[in-house]
Amino acid sequence: HPPPVATSKEEQQRLLRNRPNQPQNPKVLKIAIIGAPNAGKSTLSNQLLGRKVFPVSKKVHTTRCKARGVVTHEDTQLIILDTPGLTNPIKAKRHNLNEAMLTDPWDSMKHADLVLVLVDVSDHWTRNSLSKEVLKCLSHFPHIPSVLVLNKVDILKKKFLLLEIVTDLTEGIVNGKKLEVKSAVKNPSNSSNKSPLQISQAQEGYGLDNSSDVKNAESSPVTEEAQGLKQYGPKDLRDMKGWPHFKEIFMVSALCGEEVNTLKQYLLMQAKPGPWKFHSEVLTSQLPQEICDNIIREKILEYLPLEVPYGVTQVTEMWEEGECGELLIVQNLLVPRKSHMRMLIGRGGKVISRIAQEAGLDLMNAFLCDVRLKLRVEVK
């Protein structure tokens, strides 16, 4: 079972300062998870960790800063760099985001041994091409091995579309081999059911998994130029929909945890000999108050409309341990207008009560102790 997060700031800081307890032959892998906002990066990170420490919401830009998650399994440590969604300066200004939201994903890439590119296949507007920000990021770090992860495949009713999506997002090349795409689908109208698809794969055992009825087939080699890590300029990127240098492809449902373990096993196998970076009792680099703020903010994003939640300021008034070992938290939520205050409280206090209840349950999962959370709303 993954360790809980310490409830006191001092204890968490002590754990983070602790010298890692190295096993006999330690292995480590630093993983950057990048993708468009709302692709499911934090949901996937939480599933890999086995405990909820990163905020998750349907609204964009729930993750505001880069944070590390730590998976320790036997002699291997995976360090997950959960990053804000790759965005551009115009969108950043619209959502009142600080400059770190633009630079953090790039910083994470610099430190990564492997990058997971997450794509939401349920979004028919964006699923057939990688965003320009993602392509720009990959082209700046072509030496870092990258893996394509198609997320929310459970929502995609027409499974035959996965063929087209995979071909577009990889430019028809995976691990230096040309994809051989065959479909046994004769009648597309019936293809909402699982259909026997065949896509070639570079390595056996992983990647395009059988849960989506994607089978291994033989691969065709491509030219040396296609295999080489050529430099891509702005003009090249303009004409590209996908990235032709992915090592593997995985199809998962991060929310349900479907096929996440297959991905996790693959990541553990990619780890290289090297010293652990964290003590085995560390689950995240975040401090407990940061986790609390992020999870409460996640609920506010869920229950308030449009841009309203982005103007809420959080101030923690109390953080202490009760007589029976429970964690007592009181947080003030400051809003700019009375109308926002009415929305946040809700009729008969229903909205704010629901936020406190749901956030309290998530915090219990992170800290593995009883949590009593009280929220107050004020106009700032």
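Visitor: How many aromatic pairs does the count come to by this rule?

Guide: In this predicted model, the count comes to 2 aromatic pairs. One of them is formed by F250 and Y266, with 5.1 Å centre to centre and 55° between the planes.

Visitor: Why is the pair of F250 and Y266 called tilted?

Guide: The ring centres of F250 and Y266 are 5.1 Å apart, and rings pair if their centres lie within 6.5 Å. The angle of 55° between their planes is neither under 30 degrees, as stacked would need, nor over 60, as edge-to-face would need, and therefore the pair counts as tilted.

Visitor: What makes this a link between distant parts of the chain?

Guide: F250 belongs to strand β12 (residues 246–251), while Y266 belongs to helix α9, and the two residues are 16 residues apart.

Visitor: How do you know that F250 counts as buried?

Guide: Buried means under 20% relative accessible area, and F250 has 1% relative accessibility, so F250 counts as buried. Y266, at 4% relative accessibility, counts as buried because that value also falls under 20%.

Visitor: Why is the pair of W319 and F367 called edge-to-face?

Guide: The planes of W319 and F367 stand at 85° to each other, with 6.1 Å centre to centre; because the centres lie within 6.5 Å and the angle is over 60, the rings form an edge-to-face pair. This pair joins strand β14 (residues 313–321), which holds W319, to helix α12 (residues 350–367), which holds F367, across 48 residues. Both W319 and F367 are buried.

Methods. Residues numbered from 1 in each chain as written. Predicted model: local features only at pLDDT ≥ 70, side-chain atom pairs only at ≥ 80, totals over all residues. Heavy atoms only, no water. Phe/Tyr/Trp six-rings, centres within 6.5 Å; stacked < 30°, edge-to-face > 60°. Helix = DSSP H or I, 4+ residues; strand = E, 2+ residues; numbered from the N terminus. Buried < 20%, exposed > 50% of the residue type's maximum accessible area, 1.4 Å probe, protein only.
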